Amino acid sequence: MKVILAGTGCGSLDSMTVEVEAAIRDADMIIGAKRLLEGIPSQWCGEKQAAIYAEEICGIIAAEKQMDKKICVLYSGDSGFYSGTKSLLPLLEESGIHAEVLPGISSIQLFAAKLQIPWQDWLLVSAHGTECDAVRYVMKGQPVFFLTGGRLGPADLCRQLADAGLGGLQAAAGERLSYEDERIIYGDAAEFADMEFAPLSVLLVLPNSPSADLSPGIDDDLFIRGEVPMTKKDVRACILSHMKIQPNDTIWDVGAGTGSVSVEMAMKASAGKVYAVERNAEGISLIDKNREKFGCWNIISVEGSAPEALTDLPAPDRVFIGGSSGSLKPVFDIIISKNPQALICATAIVLETLHETMELMTAEGMDIEIVQVSITRTRPAGSRHMMTAENPIYIITGQKPPAGEQDD
């Protein structure tokens, strides 16, 4: 038995390599999606079997194992670019069946050629039959190529961008590449969000300017400020060091103020989301302005008071509580109900808030760390300088240990 997994190109026979055509012509049986089989001339091949799932294809091949047959499995585009070869090859190996893989011309190659630009620096993302956060990828500062299909097409992805404030990003879409009715469309994300595209489409979005590469503790003067309180840079840097933020984290910033902590957390959680919760309308406006200024499109401002405003938010991995307006326990309760393992970091300037936070964390069996930050800054005193102390701030961090490490 001879088994070949072949990439058939972008659809038309003209985009198929000579090597793949020869393999199909030589096959006793070809297997693939109905659309691919219909595009193969009947005189090229023998038996056709429509199948798309790896388990089904492997079963068909295994049933012919004792026969001296040549079987060719067809994939659209290139066999190594988001194709079913990834899942089929291990199944064939487990069944003791060796397969040869032949490449094809992928949609990205053909699209880049049509646009007359090189693609080696593009970020390649599949939104074909899977969930995709378009905002996350365009924030990386590279042109992003989206392989689309299924539930998400170019319009859906561009709608995500437009809703996040990125509607001005330049984009190009390729419909039915290699076919006679092929179409290349240029525009911006906002325009594409309201358009209809063919099911066989790909999308390129030019990069968003990434957030400035700033160290933790961004200078206070860089933020847009109003009358809403703002956590100062030195305290902010300390908070970030205790929160241990990971790129994919979902984070709540409760009592977000101007959004200064949200901005810094969003830069760390570049592939995650930061929900900045603030009851003050001016604060929400400042959060949105700072979100735009720093390009932190993964910040979502939420106007309302905690805990009510937290009810519909997704479960957090980490929570920063900068202010709870006397509702600390209800805020804790909803955090724990959403994710008992969430890391919680809170600040306090009065001893009563420190004591209440410690009691709540202790009651939940959390490991607790408390740091007192006392900042002293220089100020001019005539021709000399003197140090002026600011109010000390307590940073309290707590998290339940993993289940296997908790005390009996």
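**Two open sheets and two pockets**

Helix α12 (residues 328–338) lies across β11 (250–254), β14 and β15, and runs at about 170° to β14. Contact here means heavy atoms within 4.5 Å; angles, from 0 to 180 degrees, are taken between N-to-C directions of lines fitted to C-alpha atoms, for helices over the stretch in contact. Helices (H or I, at least four residues) and strands (E, at least two) are DSSP runs numbered from the N terminus. The model is predicted: local features need pLDDT of at least 70, side-chain atom pairs count only at pLDDT 80 or more, and totals for chains, interfaces and linings use all residues. Residues are numbered from 1 along each chain as its sequence is written, and side-chain values use heavy atoms, with hydrogens and water left out.

The strands beneath this helix belong to an open sheet of seven strands with mixed pairing, in the order β13-β12-β11-β14-β15-β19-β16; two strands pair if DSSP finds at least two bridges between them. Because β13 (299–303) and β16 (367–373) stand at the edges with a single partner strand each, one side of each is left without a neighbour in the sheet. From one strand to the next, the twist averages 15°. Within the sheet, β14 (residues 318–321) and β15 (residues 343–348) are parallel and share four bridges, with valine 319 opposite isoleucine 344 in β15. Helix α13 (residues 351–363) lies across β15, β16 and β19 (393–399), at about 5° to β19.

The largest pocket has a volume of about 1100 Å³. A pocket is an open set of points on a 1 Å grid over the protein atoms alone, where a 1.4 Å probe fits, with protein on both sides within 12 Å along at least five of seven lines; lining residues have an atom within 4 Å of a point. Grid points are joined across faces, edges and corners, and the volume is the space filled by probe spheres set on them. Of its 43 lining residues, Pro229, Gly255, Gly322, Gly323 and Thr347 are the closest to the centre. Elements supplying at least two lining residues each include β14, β15 and α13.

A second open sheet has five strands in the order β6-β7-β10-β8-β9, again with mixed pairing. Strand β7 (residues 144–147) pairs with β10 in the antiparallel sense over four bridges, and phenylalanine 145 stands opposite leucine 204 in β10. Helix α7 (residues 154–163) lies across β7 and β10, at about 25° to β10.

The second largest pocket holds about 930 Å³ of space. Among its 35 lining residues, Arg35, Ser76, Tyr82, His128 and Leu147 lie nearest the centre.
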